[in-house]
Amino acid sequence: MGTVTVQELDSVVIRFAGDSGDGMQLTGERFGNVSGILGNDIATFPDFPAEIRAPAGTTYGVSAYQVQIADYDVTTPGDTLDVLVAMNPAALKVHLPDVVRGGIVIVNTDGFTQHNLDRAGYTSNPLEDGTLQGYRVYRIPMTTLTLEAVKEVEGIGKKEAERSKNFFALGVVSWLFGRNPEVTEEWIRQKFRSSPAVMEANLKAFRAGYHYGETAEIFEAVYRVKPARLEPGLYRNITGNQAMALGLVAAAHQARLTLYYASYPITPASDLLHELARLKNFGVKTFQAEDEIAAAGAALGASYGGALGVTGTSGPGLDLKQETIGLAVMLELPLVVIDNQRGGPSTGLPTKSEQTDLLTALFGRHGEAPLPVIAAYSPAHCFWAALEAVRIALKYRTPLILLSDGYIANASEPFRIPSLDELPEIAVSFASEPNRDGEFWPYLRDPETLARPWVLPGTPGLEHRVGGLEKDERGRVSYDFANHDRMVKTRAEKVRRIARDIPPARLDADGGAELLVVSWGSTWGSVAAAVRRLRERGVRMAWTHLVHLNPLPPNLGEVVKSFPKVVVPENNLGQLLKVIRAEYLVDAKGVNSVEGRPFRASDLEEAFLEVLGERAAEGAR
Amino acid sequence: MADQVTKPAVQLSRKDFASEVEPRWCPGCGDYPILAAVQSVLPELGIPRENFVFVSGIGCSSRFPYYMNTYGVHGIHGRAPTLATGIATARPDLQVWVATGDGDALSIGGNHFIHAMRRNVNIRIILFNNRIYGLTKGQYSPTSELGKITKSSPFGVIDRPFNPVSLALGAEATFVARTVDFDRQHMTEVLRRAAHHKGTAFVEVLQNCVVFNEGAYDFLTPRAGGLAYQIRLEHGKPVRFGPKGEKGIVIRGGRAEVVDVEEVGEENLYVHDETLEDPSVHFALSRLTPDGAGPTALGVFRAVRKPTYDELMHSQIAAAQEKLGPGDLERLLRSGETWKVE
């Protein structure tokens, strides 16, 4: 009997890949969740085609889910793969290039039929022609073994039985990494409790996979990743969309307002609507509108009525909402607009991620229509970003755009569940009395915040009209040029003053650092990893990550001017870069990629070194 | 006894609903009588003034909220039903009205218009139909007749017009009516009915634009001898019209036809029933003269009671709260698979 050695790893990156109907998203998510429950830190990256069931066996129909598990606080799903699970030739073809040399490749040999090889464009079988030389390859007939395992389950046909093979794969990987099977078994029981036959089949397939690892003696080693040292507390795994939805509910709770979420289905924001539509007992009102414009209009109408109006969308929908957002600028009512950015322009890459909507968020409306913009940086951070968005929108009676993106919307990570007393207090007051000599002037402002009064319709004596036409302080339509000039400047000043009410940019700098990295949004994870690695290599680094993008933190100018080199990595062609250069007149450089996925930390590492190297070369001249 | 004396509700009058702003419509505009009619109906309803909200889009008619001393929002072009939907569903205690025009409701806002009615949102929509774009100075609108010469159609309109009542019936609005700006009594009665309706109430007002489309409805006005074409719909009564009631309507093969009463006999005329579930007959009545001046049905075509959108929304919330209890945020945050890090 062969001996199986146990190897300790500090982190491992695993990708599950198969046809879009193979259940790879569920499998990967499950593996990540179990690892989180077992105490690892995790970061995940779901990557799937826009088609629901793309033609089987094709390379463009491959769906994948990547998980990095680690014994430290990991911030990215990983640059390269230690383990690839490939359910068919197409999955192998698409993802093998990402596997490190010497990495593990687990294939479902049953998927390697001549038909599937042809569909994937292989002229010879990669399992036999040397393609996999240099990898540790485990060939497992997963479909056959799954059918064998579930054959006695009543009420399950062959086709359905085959569909359990993802659980077989999950079982194998769970064994390989010493994941306690009971956690997943219990989860299967809960998840499929409404269809006992499917539950039984999945349980049997999962156990068969797990035991296969033990008994088949094909693995020479198993791997262990110790729990990470995370901040103490109660945790759950959470996707960005789930965290965002919870953050909105928490914000409405803190503000004692009804949450009114109006939206039109769009990838990758629909899950926000799904999550919130379930929460009727929280009094959450959700409205699936006839289009993006109507969703924005209804949310703004709800705010006018005294609710917390929120609308969520992605790029194409943001374009359509902009006129309504402009109206909200003019009405000076709270409105939170969530934009889960995706690949653009136009329909672009609906299921892929980008940061390409920053400038349209800042400037995408006609006229002078400034509004606050903030950006979430990780799945769990979406919770806190939602609270901050609501706080600002309510306090300053302004529309606000909250940027997330397809990557963090769907990716998951452990979320430390806060207690209610950790949540920010959000105080809202409605006007109840005339505010000027017995009259009510709707645009008479708070001298501090410049916010105008918010009135609940139904309040006697405060009847007034608001609208898109320019008004004076009394709320009368005014075409007076001096009034318009004053109102435009006042609205801009109101947004500018929010800078007094946000935390300063946090600078994470080594003494003597020459290079400052300025980042925003979901690049946070890759930048964190790149900065850490450079520091491990002895490079002195400075980094600031921005949540507030308009107004910018008041100390940011000082920060960017105190380093000889500034670099702004973005998944766009340099949008924050333009803002930083314009605002502070610094010669910042961009590192830009629009590949529909987050940066590889290693790419950033090299890019940052290059920026630093240029300086060294200039100095030498 | 003192404790039995309740303070009488404040008696409101028409002028309580007039804002301090002087209307800026052209002299003789059909919008004035509509404003006056609305202001005369509201005090009758027993609803406090502060509970009315008027919402509008863009166009001459959409200045309406500024002239009403109620809560009001002058929105953006075509989107009034979206704002009104948000207000009516967030605040079912308010009575929400939408003032809109033929371009606002049927062209740029066509989508919102039909969907509000499909959902039966509890709002009242008054469509000021002057069959022209007034505020932009005289382009053809989606209700302008084929061949009409306007600034943007110097060779005649080639777009086929919408019939707003037909469109509303097609969307199965639960209250659909048509009235005219020159008959104050009829308009007031129709608006009163709309005010009392629960659900989307749609009222088309045939309205004269004195500057860009003067006389568009002369074929119906008494001063131009148009009474003969006015068909007054009255629930439960056979539909007759003409100076001596000599004409009538029969429904044959799903179509509404004008007949001589003497020829067919009154007993064979269509007896108007607003409450028919199926709007097909009302649809036929709405388009007796699809292509221009001719017999035109006025009054309430359809009035049926269906659950409103906000009622359904709130009943789902109430049912969920009854079943699950009011939401507990702490439990929600801690739901799903959790683990503890020491």
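Here are a few friendly notes on this predicted model, centred on chain B and its contacts with chain A.

1. A good place to start is the open sheet, where nine strands with mixed pairing follow the order S17(A)-S2(B)-S1(B)-S3(B)-S4(B)-S6(B)-S5(B)-S11(B)-S7(B). Strand S17 (465-467) of chain A and strand S7 (230-232) of chain B are at the edges, each with a single partner strand, so one side of each has no neighbour in the sheet. On average, and ignoring direction, neighbouring strands here are turned by 20 degrees against each other.

2. Within that sheet, have a look at S5 (residues 175-180) and S6 (residues 201-206) of chain B, which run parallel and are joined by six bridges. In this pair, B:Val176 sits opposite B:Phe202 of S6(B).

3. Helix H6 (residues 184-196) of chain B lies across S4, S5, S6 and S11 of chain B, and runs at about 160 degrees to S5(B).

4. Helix H1 (residues 31-41) of chain B has buried residues, among them B:Ile34, B:Leu35 and B:Val38. Their cover includes H6 of chain B, along with S4 and S6 of that chain.

5. Turning to the interface, 56 residues of chain A are in contact with 52 residues of chain B. Elements that each supply at least two residues on the chain B side include S2 (71-74), H4 (110-119) and H9 (309-324). H2(B) gives the most, with eight residues. By type, the chain B side divides into 23 nonpolar, 19 polar and 10 charged residues.

6. The chains also pair through strands: S9 (residues 233-239) of chain A runs antiparallel to S12(B), with four bridges joining them. Here A:Leu234 has B:Lys340 as its bridge partner.

How values were computed
Residues are numbered from 1 along each chain as its sequence is written. Chains are lettered from A and ligands numbered from 1 in the order in which they are written. This is a predicted model: local features need pLDDT of at least 70, side-chain atom pairs count only at pLDDT 80 or more; totals for chains, interfaces and linings use all residues. Two strands pair if DSSP finds at least two bridges between them. Axes are lines fitted to C-alpha atoms, for helices over the stretch in contact, and angles run from 0 to 180 degrees between N-to-C directions. Two residues are in contact if their C-beta atoms, placed from the backbone, lie within 7 Å. A residue is buried if 20 or more other C-beta atoms lie within 10 Å of its own, exposed if 12 or fewer, and partly exposed in between; C-beta atoms are placed from the backbone. Ala, Val, Leu, Ile, Met, Phe, Trp, Tyr, Cys and Pro count as nonpolar, Asp, Glu, Lys and Arg as charged, and the others, Gly among them, as polar.
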